[in-house]
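I set out to record what I looked up about two chains and the contact between them. The entries below follow the order in which I worked.

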Amino acid sequence: MTRKEFIKQIQEALQREEALTEETKIQELREWDSLTAISIIALYDSLFSFQISHKDIDKFTVIKDMVDIVKDRLEN
Amino acid sequence: MKIAYHLPDNVLDNSEFAQHGWSNEKIFEKTGIRQRRICGDAEYALDLAVNACEKLFNQFPVDRKKVDYILYCTQSPDFIVPSNSCILQHRLGLENDIGSLDLNQGCTGFIYGLSVAKGLLSSGQANKLLLVTADTWSKYVHEKDKSTRSIFGDGAAATLLTREDSAKISYFVFGTDGSGADNLCVKTSGLRHREMRADAKEIIDNSGNMRTDNNLYMNGPEIFTFTLKAVPKAINDLLQKSGLIMEDIDHFIFHQANGFMLEHLRKKLNIPRQKFHIYLENVGNTVSSTIPIVLSTLQKDETLQSGQRLLLAGFGVGYSWIAATLTI
């Protein structure tokens, strides 16, 4: 999976119509709350068998951070 | 194994949360819950427990005078002192020459009850054991905390176990990790922080939920991460211990924490949909009673057939997790 494809998956998990970019700020996503955080955890687990922690999620500021945490598992 | 359950009358449905920005459908999609039952102000766990036990005595040919042990599991006790199981003995009019014991576990409570019951029954310390689970977590929940209010419902279940039943309960695996205690807790619920109760301040989190230290706090995402790490491993360990493979199990019944989480676990474990039971749409997460409520429902609609093999799994507050195989 490429970075772009993963970002598309994040967009779908957030049930968001507008496209996301690496620069999109997490804080500005109106879809973001404790229920969507659970969807995001499920996404990492399904795609990468990677159990992301709540602390990791709290550190995300832009979408790029969400991608970088699994960059070793993504194609460029 | 004979099971009956009781839910309080008051219904809290999803429309309640619309004013807080969560639509009916969003809550259902993310939790699998449409409504929960909530105790009245003067209704407590023991009241639900008594009702569940009376239903058991009415629905099955069970002589209450033959019950010789009560296990009562709750994390929302009517009293810390005395033991609630003693009060339950009296309210049910059970004999005096019986054993009674309170268990303090939440999401793992029912399966822990089976574990203790198996020990008592198979060693001959009891012959007819009443395992009662009852929780009223709604009383811990702040009315402006939608993260917990949308999930938890109140309820109680009563299960009668005999020595024959105990022989059909096969293997257990256990898990404990108290490092996660703060992620699902009521900080002032016991004596340690009792001086904080009087002036506990209301705080609002990033998602706009309000609570005090006297209320239930749940870090849902962290609990989910814990579940993803603990449950698949526990199930693999249990199958290995039982000498079984996934295909040998007829029904998988997990603690009904949240429908979205359960569906994710089901897919992760490759469990066929028809073998995996989700039943929380109209009851919510009743903590210690979720599994017996599912079992009772599946018994009533004859989904469970004699001789079938079940795998039960509980996980949550503690952290505590447990899984068991048994034959019905």
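**Entry 1: the interface**

I began with the area lost on contact: chain B and chain A bury about 1,600 Å² between them, and 61% of that area lies on carbon and sulfur atoms. I note at the outset that this is a predicted model. I then asked how many residues each chain brings to the contact. Chain A supplies 17 residues and chain B supplies 19 residues.

**Entry 2: polar and charged pairs**

I searched the interface of chain B and chain A for salt bridges, and the rule finds one. Which side chains form it? They are those of A:Asp45 and B:Lys268, with a distance of 2.8 Å from N to O. That value falls inside the 4 Å cut-off, so the pair counts as a salt bridge. I also looked up polar contacts between chain B and chain A and recorded seven residue pairs, with both residues at pLDDT 80 or more.

I next listed the elements of chain B that give two or more residues to the side touching chain A. These are helix H1 (24–31), helix H7 (220–242) and helix H8 (259–268) of chain B. Which element gives the most? It is H7(B), with seven residues. By class, I entered six nonpolar, seven polar and six charged residues for the side of chain B that touches chain A.

**Entry 3: chain B by itself**

For chain B I recorded nine helices and 15 strands. The radius of gyration of chain B is 19 Å, close to the 20 Å that the globule rule gives for 328 residues, so I entered chain B as being as compact as a globular protein of that length. The C-alpha trace of chain B spans about 50 × 45 × 35 Å along its principal axes.

**Entry 4: chain A by itself**

Chain A has four helices and zero strands, and along the sequence I read the pattern α-α-α-α. I compared its radius of gyration with the expected value: chain A has 11 Å, which agrees with a radius near 11 Å for a compact globule of 76 residues. Along the principal axes, the C-alpha atoms of chain A fill a box of roughly 30 × 25 × 20 Å.

**Entry 5: confidence in chain A**

Last, I looked up the predictor's confidence for chain A: the pLDDT averages 90, and 99% of the residues score at least 70. Where in chain A is confidence lowest, and where is it highest? The lowest mean, 87, belongs to helix H3 (residues 54–59) of chain A, and the highest, 95, to helix H4 (residues 63–68) of chain A.

Conventions
Residues are numbered from 1 along each chain as its sequence is written. Chains are lettered from A and ligands numbered from 1 in the order in which they are written. Side-chain values use heavy atoms; hydrogens and water are left out. Contact means heavy atoms within 4.5 Å. Buried area is the accessible area (1.4 Å probe) that two parts lose on being put together, summed over both. A polar contact is a pair of N or O atoms within 3.5 Å; within protein, one must be able to donate a hydrogen and the other to accept it, and residues adjacent in sequence count only if both atoms are side-chain atoms. Ala, Val, Leu, Ile, Met, Phe, Trp, Tyr, Cys and Pro count as nonpolar, Asp, Glu, Lys and Arg as charged, and the others, Gly among them, as polar. pLDDT is the predictor's confidence in each residue, from 0 to 100. The radius of gyration is taken over C-alpha atoms; the globule rule is 2.2 Å times the number of residues to the power 0.38.
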